[in-house]
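Please open the model in your viewer and keep the selection tool at hand. The tour moves from one pair of elements to another, with a look at the whole chain in between.

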Amino acid sequence: MDQNKLKRHHIMRSLILAGITALLAYLILSETLSHYLAPRLHMFSYVTLVIMGLLTIVSIRQIFVGSSVYDCDCEEQHKVPRTPMGSFLVYSLFVLPIVMGFVMPDKILGSDVAEKRGITLLSNDVRKLADVTANANATENVEQTAEVKKDADPIVEPQPEDTNQGATPPVQATSDEQLRQRFSNGGFGDFYADIAVFLHKQPVIELNDKVFLDGLTTMELYAKEFAGKELETMGFVYRQPDFTKQQFVVARFSVTCCTADSSVYGVLVEKEDANKWAKDSWVKVRGKLELRQVDGYDMLVLKASQVEAVSAPKDPYVYYSFESVPGS
């Protein structure tokens, strides 16, 4: 091929590589990468940025050095487009995403996507886990009840003996132990039992970004125990067509790897003036949890006492932590 034509192809490829590198650098520096990827994958983006930078340098070098044969020694396997139309079609496939990346605004997922994917108020995984646990514990229910009664007596009896030494420390210790035993008997494992104790001890449960998914799952598993508790959380307003004017969901998107695999989780909120909050607006909600029966399952509904408008957080998505209780 004519060296001038080949040089033009090297220039075009260098521009494409430079564009991809610049776009990735922009997403990282502007801290908007979380709109597309989960934080645990950000390290791969940093590595990719370095690799793309090196490839760009190599491609620019070829513009000046040139080549008479294919550097990969693949003979005619890697032919460049030989017609202007072919070049336009091939390179447009790379140029278009780069242009869209810079021109289109970084928009977070909202109600439109939630409506198509559906929202989880009581997770199917939680339902399955609850069913399996109930079946597994059915044959041992009598033995567990007997053991709980035996274990409970020594915990309650020592209290009067310690009252002369100061009641507060022993009572708190006993309360913590009783809570742990209460949630451990559910059969959902130490992870959720620890979170349940941590949340239940709070005068007002803060379902913040760090504990949103794990906390929501825990409260679903122990719905009866959390009925009547005060809860404060934040999210975007989502409504379904069958909702009343007093209802909306304060929702968050959960991302495992990227926004393509996102799911929506939230808490159903009820308030007299709920309809004044616009769809997709971000709000902080506080109220008391009430227990409802939906399709034979317990579900918690937040009877809101306060709703206030807030700005969307820098990272609007939430993630499962798979770690121990915060502060433990």
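Select K7, H10, I11, R13, S14, L17, A18, I20, T21, L24, A25 and I28 in α1, and then add S45, Y46, T48, L49, M52, G53, L55, T56, S59, I60, Q62 and I63 in α2, because these two sets meet, contact meaning heavy atoms within 4.5 Å. By class, this contact of α1 with α2 has 13 nonpolar, nine polar and two charged residues, where Ala, Val, Leu, Ile, Met, Phe, Trp, Tyr, Cys and Pro count as nonpolar, Asp, Glu, Lys and Arg as charged, and the others, Gly among them, as polar.

This is a predicted model, in which local features need pLDDT of at least 70 and side-chain atom pairs count only at pLDDT 80 or more, while totals for chains, interfaces and linings use all residues. Residues are numbered from 1 along each chain as its sequence is written, and side-chain values use heavy atoms, with hydrogens and water left out.

Now show helix α1 (residues 3–29) and helix α2 (residues 42–65) in full: their axes, lines fitted to C-alpha atoms over the stretch in contact, come within 9 Å and cross at roughly 155 degrees. That makes α1 roughly antiparallel to α2, a label for angles over 145 degrees on a scale from 0 to 180 between N-to-C directions.

Within α2, pick S45, which is buried with a relative accessible area of 7%, buried meaning under 20% with a 1.4 Å probe and protein chains only. Leaving aside residues up to four places away in sequence, S45 touches L24, I28, L33 and L37.

Zoom out to the whole chain, whose secondary structure comes to eleven helices and seven strands, taken as DSSP runs of H or I with at least four residues for helices and of E with at least two for strands, numbered from the N terminus. Of the 328 residues of the chain, 36% count as buried.

Which helix should you select next, as one largely enclosed by the rest of the structure? Choose helix α10 (residues 212–221), where ten of the ten residues are buried, among them F212, D214 and E220.

Finally, add helix α9 (residues 190–200), whose axis comes within 9 Å of that of α10 and crosses it at roughly 95 degrees. That makes α9 roughly perpendicular to α10, the term for angles of 65 to 115 degrees. Here F191, Y192, I195, A196 and L199 in α9 meet D214, G215, T217, T218, M219 and L221 in α10, and the residues of this contact divide into seven nonpolar, three polar and one charged.

Terms used: Angles under 35 degrees count as roughly parallel, over 145 as roughly antiparallel, 65 to 115 as roughly perpendicular and the rest as oblique. Buried means under 20% relative accessible area, exposed over 50%, partly exposed in between (1.4 Å probe, protein chains only).
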